[in-house]
Amino acid sequence: MENKNHEELIKKAIEAAETEKECAQILETHFKRLHGRKPSKRERAIINADAARAVSVVCDKKTGYIFINTSGRPHPQTEEIHIELKRRMPEDSLDKNKRPVEYCAEFKACNKALHSRHDAKMEDLIVATVLVSDGSPKERCENCKRTTEGAIVLTD
Ligand SMILES: [Zn+2]
């Protein structure tokens, strides 16, 4: 039973990634219609930068509720970050590209899940994260390994 639920969670993450990818394709179609040509390499990079890099699906195993988030903007403002995550956030980003801690899909989805129930704990959360580009599992970055420590992570 447990394994089946885990599989379903990963499937949900892959579906969400496909939807996100379609959004980028729609943007490219709009570009073609607007300019009467294909976007250049540089323009395509801008279009793709608007689409998220990763999608995270978090399940609260006590309630069964699902929370889905993409990486990047919009990210939670300081006052919107759950106290448990805030307490764990490193002062400087541990990521090699110095991506802000609160930009990660896992961080954003766990933030939503923790806020949804007054006694929710990180240990109650199951996390699955995939890349938008091909739906492959995405390992947590160094920031998320710290901020979501204790959660069950299916894609590390
Ligand atoms: Zn991360």
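The exercises below work through a sheet, a core and one residue of a predicted model.

Residues are numbered from 1 along each chain as its sequence is written. In this predicted model, local features need pLDDT of at least 70 and side-chain atom pairs count only at pLDDT 80 or more, while totals for chains, interfaces and linings use all residues.

**Exercise 1.** Work out which strands stand at the edges of the sheet.

*Solution.* Begin with the order, which is 2-1-3-4 in an open sheet of four strands with mixed pairing; strands are DSSP runs of E with at least two residues, helices runs of H or I with at least four, and two strands pair if DSSP finds at least two bridges between them. Strand 2 (66-70) and strand 4 (152-153) each have a single partner strand, so one side of each is left without a neighbour in the sheet. Strand 1 and strand 3 run antiparallel and are joined by seven bridges, and V57 has A128 in strand 3 as its bridge partner.

**Exercise 2.** Find which element gives the most residues to the largest nonpolar core.

*Solution.* This core has 31 residues, with V55, V58 and C110 having the most contacts inside it; such a core is a set of buried Ala, Val, Leu, Ile, Met, Phe, Trp, Tyr and Cys residues joined through C-beta atoms within 7 Å. Helix 4 gives the most, with six residues.

**Exercise 3.** Decide whether R88 is buried, partly exposed or exposed.

*Solution.* Locate R88 in helix 3 (residues 83-88), then apply the cut-offs, by which 20 or more other C-beta atoms within 10 Å make a residue buried, 12 or fewer exposed, and values in between partly exposed. R88 is partly exposed because it has 18 C-beta neighbours inside 10 Å.
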